[in-house]
Structures are given as structure tokens and as C-alpha cells.
Amino acid sequence: MPSAPPFRAPSGTHDVLPPESARWQALVGRFAALAGQAGYGLVVNPVFEDLGVFQRVGEGTDVVRKEMYAFEDRGGRPLALRPEGTASVVRAYVQHRPTTPWKVWYAAPSFRYERPQAGRYRQHHQLGVEVLGSVDADVDVEVVVLAAELFGALGVRRVTLALNSMGDDACRPGYVALLGAFLDERTDQLCAEHRQRAGEQPLRVLDCKRTECREATAGAPRMLDHLCTACDAHFRRVRDGLDALGIGYQLESRLVRGFDYYTRTTFEFAATALEGAQNAIGGGGRYDGLVEELGGPPTPGIGFGIGIERLLLACDAEGALRLPEATVDVWVVDAVGGAAARDLSWSLRRAGVAADRAFDERSLRAQMKLADRSGARLAVIVGADEQASGTVSLRQLRGNDGAQELVARDRVVARVRELLA
Ligand code: HAM
């Protein structure tokens, strides 16, 4: 019987393997450090929730209507894999009612049944923050700057920031009516999809990338010209804050993000080094009504999500966040049976030195090759002579012309630390 072909990761998903995963780890580490420094704590939510959690936040959106991984568990409960992070965080807030402002960050997978292509996957991963419980425009500024600082810290420079305000319950309905009337007169100029749906969702037409819709909406009324006094003042303060902190942005009145929950400030970062369709590396905004939608007390919120995979593509395109050259600092080479490597590598690790070794009694030559390939700076070598005299040879693998010295076994850790310092 011919054997079945080996399994592969499902379409639109991928494995992240070493050494590439070291960049992933570095990226998450940078973000964790930045968020932590600004007072954000890590939140970890389940990857699946009651289906209703997501239906509530986006029934009018493609992500929820067409792309969600919804299923029943064996007990017949309707569930869904999270398509994004905000709804889960808000659900957790409503459930636990932590004190506000509640500032949290996450690094978590999201699932969307999309057509896979470069930069668009069925499982992607987001770095995000959410702040619940403050209407202060300075929170909007803090959140936007945090994302911008991450890009800067990684060395990703070719990033643009589009900024908009979606208004609130006081001013948006009037604006939507105005936009609806404008579109009514131009229905036949819209793309096929929006010819059908413009009436239900006039705002989505603004976000449509097809030429027909772009042209038809060129002169459409702008939300920014119809903000109520409170939203206008809020937005002004956000802009002042970004100006004061030196964060450049473009006002983009078409920026209607892909979820129904946004109010007031919305924003999106694009990496201009990437292909247009998949160059959004992060986005977010305020959602002052979402907590109530999910059954909690009136509580404002704001946050963003950054796509890890896309951000790594942007790093590639700009030569940023290179792979570290070395996996460990020290390689232990043992030509006398392996026990010396076992003991020395653990002595080093217990002293906080990153060390590795070969297994399976490889030849001295093969071990030296592995040592070299690891990028380690030092080799600790134990051959028959060293074994007999209770010493090891310490060889510099990078620079110093391969300098080598003999060191007593009980001095190895101290000497290695000196050489690495
Ligand atoms: P989003 O814009 O849908 O927002 O996703 C955030 C980021 O995740 C995108 O800018 C993009 O970098 C990445 N992303 C989204 N879908 C995919 C995909 N299929 N493949 C690869 N990367 C993808 C949200 O999810 C909101 N929850 C953001 C937010 C947080 N708003 C307020 N708080």
C-alpha cells in the first residue's frame, strides 16, 4: 500500500521555526518592554469565545459575516475562534470588572477565513493594547505613540499614519444620513458589491478600494467636517498631543476601519515598503460603546492591533531586526566521551552563560564545525590531554586570531565570564 502523503500545515497557516523564530521572540520582547514601561499588563484570553461575543461586535463586517471560524463544540455550544483581540479583552473586562483605567497588552493569534496570499493568512498574530475606562484624549495619544515607538525601536522607518475621527452617537447618525443621500444619487456608479449594500452601510463604501467607488465618492461629505463640538474638541486634543510628541500623520477622512465598534479616533499604520494591498501593519481606534454592547456598564475604550507577520515583512523590506548571529555564547567540545560536555555545559548554564554542545559522540572535527556554525564566541574543548591534566582549552572563535589558552577545570566558568565580559 502506498503511504499517505505527509500532512502539511493548513492553507493560510504557517510554522515559525528557529532561527527565524528568534526575530519573532525579539519583536514580542520589544513590544512587551515598551508596553510594560508605559504601565500596561499582559492579558491572556482564550482563543475561542461564545459566538455571540464576536457577532455582537461586528455583524455588519466581513470579518464576522464571511470569515469567522464558527463551530459547535461537542456539547452543542456555539463558539468561534477569535478573529481579533478587542472583543475578547472587552468580554474579560465585563466579566472581571478590574479597576480603571485598565491598561493591557497581548500577543495572540487571530483567525480569519481569508484568501491566503503574501501578508494575508488564516491564522495571523497580533500585538495589541486596549485601555478601558478613560475618555481622555491623552489616552488616544498614548496608544498611537506606543505603536509608533515600536516601529521606531525596530528600525522600521517607512511608516505612514492615517488618522480620522468617526464621531459619536451625537454626530455620526446625521453624517451617515448625509453620506447615504450622497451615495443614493450615485448608486449606479458604485462597484457591484456596494451597489447592493450602500444603503445598509454607507460608511463601508468610503473604505472600498475599487476604482468605481473611489471615483464616485471623491466629493463625498467628510466626517471630519461634521463632528459635533465634543468630538471636534477631542480630536483637536489628540492631534495636539501627536504634534507635541513629534508623531507625523495624515488626516484621512476615508479611514473607516473593518469593525462596527469604532467611535471618535481611528488610525492605521501602513508600511510603504510593502505591497499596497497588504501594507497595513497595524490599526485601531476608540470604541466607547463596546463595553455596553457586551453587557457591561458604560465604559469607554481604545486600542490597536499590529500584525506580527506583516511587521516582520516590513522589517525584511527595510533590513531591520536582523537575525542574531549567535544562538549561544559558548560551545562545549568533548572528544572524550560526552560526560565532560554534559557537566561543563550545565556548569556554564547554571552560571547564566548560554552554552550548547553536540551529542552522539561526533568527531572532534564535526564538533568544531558545529561550534563555528553556532556563532558562539568561545569553544571549551576537552580532549584526551585536557582530560588527563584536569584542564580545558578555551578557544576564541571570533577574532583574536583564534587565541587559545589552557584553564583548570574549576576555573572554567570564571574565565569564560571574564572573556565574554
Ligand atoms: P485589524 O485592522 O483587523 O484590527 O487588524 C490589525 C492588524 O492585524 C492589521 O493591521 C494587520 O497588520 C493584521 N492582520 C489583520 N488580518 C490579517 C491577516 N488575515 N493576515 C495577516 N495579518 C492580518 C483589529 O483586529 C482590531 N482588533 C484592532 C483594534 C484593537 N482596535 C481597537 N483595539
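**Pro-101 lies in the loop that links α4 to β5.** The names of helices (DSSP runs of H or I, at least four residues) and strands (DSSP runs of E, at least two) are numbered from the N terminus. This is a predicted model, in which local features need pLDDT of at least 70 and side-chain atom pairs count only at pLDDT 80 or more, while totals for chains, interfaces and linings use all residues. Residues are numbered from 1 along each chain as its sequence is written, and side-chain values use heavy atoms, leaving out hydrogens and water. In this view, Pro-101 is joined to Thr-100 by a cis peptide bond, with omega about -5°. A second cis bond to look for connects Pro-18 with Pro-19, where omega is about 5°. Pro-19 belongs to the segment before α1.

**Leu-321 and Glu-361 offer a pair of backbone surprises: each has a phi near 50° without being glycine.** Most residues other than glycine have a negative phi, and most peptide bonds are trans. Leu-321 is in the loop between α12 and β12 (330-334), while Glu-361 is in the loop between β13 (355-357) and α14 (364-374). Which of the two is buried and which is exposed? Leu-321 is buried, because its relative accessible area is 14%, whereas Glu-361 is exposed at 68%. Here buried means under 20% relative accessible area, exposed over 50% and partly exposed in between, with a 1.4 Å probe and protein chains only.

**Arg-122 occupies the loop between β5 (102-111) and β6 (123-132).** With a relative accessibility of 13%, Arg-122 counts as buried. Leaving out residues up to four places away in sequence, its contacts include Ser-11, Gly-12, Tyr-69, Ser-110 and Tyr-113; contact means heavy atoms within 4.5 Å. What does the side chain of Arg-122 reach at 2.8 Å? The partner is the backbone oxygen of Glu-114. For a sense of scale, Gly-155 is 33 residues from Arg-122 in sequence and 27 Å from it in space, C-alpha to C-alpha.

**Helices α2 (residues 51-58) and α4 (residues 86-96) pack at about 110°, with their axes 10 Å apart.** Axes are lines fitted to C-alpha atoms, for helices over the stretch in contact, and angles run from 0 to 180 degrees between N-to-C directions. The two helices α2 and α4 are therefore roughly perpendicular to each other; by angle, under 35 degrees is roughly parallel, over 145 roughly antiparallel, 65 to 115 roughly perpendicular and the rest oblique. On the α2 side, Val-53, Phe-54 and Val-57 make the contact, and on the α4 side Ala-87, Ser-88 and Arg-91 do. By class, these residues are four nonpolar, one polar and one charged. The nonpolar class is Ala, Val, Leu, Ile, Met, Phe, Trp, Tyr, Cys and Pro, the charged class is Asp, Glu, Lys and Arg, and the others, Gly among them, count as polar.

**Helix α12 (residues 308-318) crosses helix α1 (residues 21-37) at roughly 105°, their axes coming within 11 Å.** That angle makes α1 roughly perpendicular to α12. From α1, Arg-23, Trp-24, Leu-27 and Val-28 meet Ile-308, Glu-309, Leu-311, Leu-312, Cys-315 and Asp-316 of α12. This contact has seven nonpolar, no polar and three charged residues. Buried residues of α12 include Ile-308, Arg-310 and Ala-314. Besides α1, the buried residues of α12 pack against β6, α5 (137-154), β9 (263-271), β10 (280-286) and β11 (301-307). Just after α12 comes Gly-319, with a positive phi near 65°.

**Leu-348 is part of helix α13 (residues 339-350).** Its relative accessible area is 0%, so Leu-348 is buried. Setting aside neighbours within four places in sequence, Leu-348 is in contact with Val-330, Val-332, Val-353, Ala-355, Val-380, Val-413 and Val-416.

**Gln-404 is in strand β16 (residues 404-408).** How exposed is Gln-404? Gln-404 is partly exposed, because its relative accessible area is 43%. Beyond four places in sequence, Gln-404 is in contact with Ser-393, Leu-394 and Arg-395. The side chains of Gln-404 and Arg-395 make a polar contact of 2.6 Å. A polar contact is a pair of N or O atoms within 3.5 Å; within protein, one must be able to donate a hydrogen and the other to accept it, and residues adjacent in sequence count only if both atoms are side-chain atoms. Gln-404 and Ser-393 are eleven residues apart in sequence and 6.5 Å apart in space, C-alpha to C-alpha.
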